[in-house]
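Visitor: I should like to examine this structure with you, beginning with its ligand and then turning to its sheet. May I put some questions to you?

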Amino acid sequence: MSILESIGRTPLVPLHRIGHGLPVPVLAKCEHLNPGGSVKDRLAIAIVDDAEARGVLAPGATLIEATAGNTGMGLALIAAIRGYALVCVLPEKMSVDKRVALAALGARVVVAPNAPPDSPDNFQNVARRMAREHGWFLTDQFCNPANVRVHEMTTGPEILEQCGGRIGAFVAGAGTGGTITGVGRFLRKHAPAARVVLADPVGSGLARWVADGVIGPDSAYQVEGIGTSRPPEILDRSVIDAAESVSDDESFAMTRRLWTEEGLFVGGSAGTAVVAAVRVAARGGSAPVVTVLPDSWDRYLSRPWIRGPHRDPEPPC
Ligand code: PMP
């Protein structure tokens, strides 16, 4: 028995207050309750298990990933238990808290300059180059098919079982696209009437891409972990029926409601997903709308939005 066995099989809870009065219930999959605090634990264990099964990971090997957050935490958990070393390459713009957290969990942290995706200095390209030069294993969450597969094999079946086979819609954001693609593929086969809806931050180009195949204009937004100006390789548009765009203010207001009205201590992208899920539920139907709460609030304590819309200069105490 190890803590790794507690990855997955997370609760699916009804949002009693937030969903009150809607024509169908809104159910939330509590991925923030995974041992590393996010949905990314599923991907981390899947990628490492897959590499071990293929014989490409020698005992004591070094894992390297371009990540500023949840995937790094998940990999740190696996590395600790399985005896691997871990290198995380972060872009300079990411908060110092994340560098401190990953280093505290035993990772070697490499800071890459802020650079666009086609620059050799971009953090993903730095990770790829270091993996090649040192013979380290690049976990490669944006391209690794194990990312989609784990959601198709675990998250999707868990959700369908937990809602007794009745699901009207599934709503999720996309960072790598692993969650929505994997769960979407599972539902296409086993609950084909369920609609699959992308929750996208205003400022991301993905909502427009879902609607008409053309990536929309991008602009800055504060919600972390979802949305992009370039569709990730593993995000499969053919399993997504529609998209909902959600502003930062709507996302953070809903995140606060999840804390104070539902006791769900989650991060900002959960707010985005729940705003979109409530919109879908408000349109009616005959079965529940299911959404995902991807991570825990503790990794955002230094972010200004955590203090509320009035932005107190100091936390009241
Ligand atoms: N929310 C947060 C906070 C995340 O870190 C991620 C992963 N980047 C997601 C949502 C989206 O998950 P996925 O990569 O499976 O699309």
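Visitor: Which of the 15 residues around the ligand come nearest?

Guide: The model is a predicted one. A residue is placed around the ligand if one of its heavy atoms lies within 4 Å of it. Of the 15 residues, those that come nearest are K40, G175, T176, T179 and S269.

Visitor: At what distance does a polar side-chain atom of T179 lie from an oxygen atom of the ligand?

Guide: Polar contacts are pairs of N or O atoms within 3.5 Å. K40 offers a polar side-chain atom 2.7 Å from a ligand oxygen, and G177 a polar backbone atom at 2.9 Å from a ligand oxygen. For the polar side-chain atom of T179, the distance to an oxygen atom of the ligand is 2.6 Å.

Visitor: How much of the ligand's accessible area does the protein cover?

Guide: On its own, the ligand has 390 Å² of accessible area. The shell around it consists of four nonpolar, eight polar and three charged residues. The share of the ligand's area covered by the protein is 90%.

Visitor: Which strands stand at the edges of the open sheet of four strands?

Guide: The strand order is β5-β4-β3-β6, with parallel pairing. A strand with a single partner is left without a neighbour on one side, so the edge strands are β5 (108–112) and β6 (137–138).

Visitor: Which residue in β6 stands opposite L63?

Guide: Strand β3 comprises residues 62–66 and runs parallel to β6, to which two bridges join it. Opposite L63, the residue in β6 is F137.

Note on methods
Residues numbered from 1 in each chain as written. Predicted model: local features only at pLDDT ≥ 70, side-chain atom pairs only at ≥ 80, totals over all residues. Heavy atoms only, no water. Polar contact = N/O pair within 3.5 Å; in protein donor to acceptor, adjacent residues only side chain to side chain. Areas by Shrake-Rupley, 256 points an atom, 1.4 Å probe, with all protein chains shown as cover. Nonpolar A, V, L, I, M, F, W, Y, C, P; charged D, E, K, R; others polar. Pairing = 2+ DSSP bridges.
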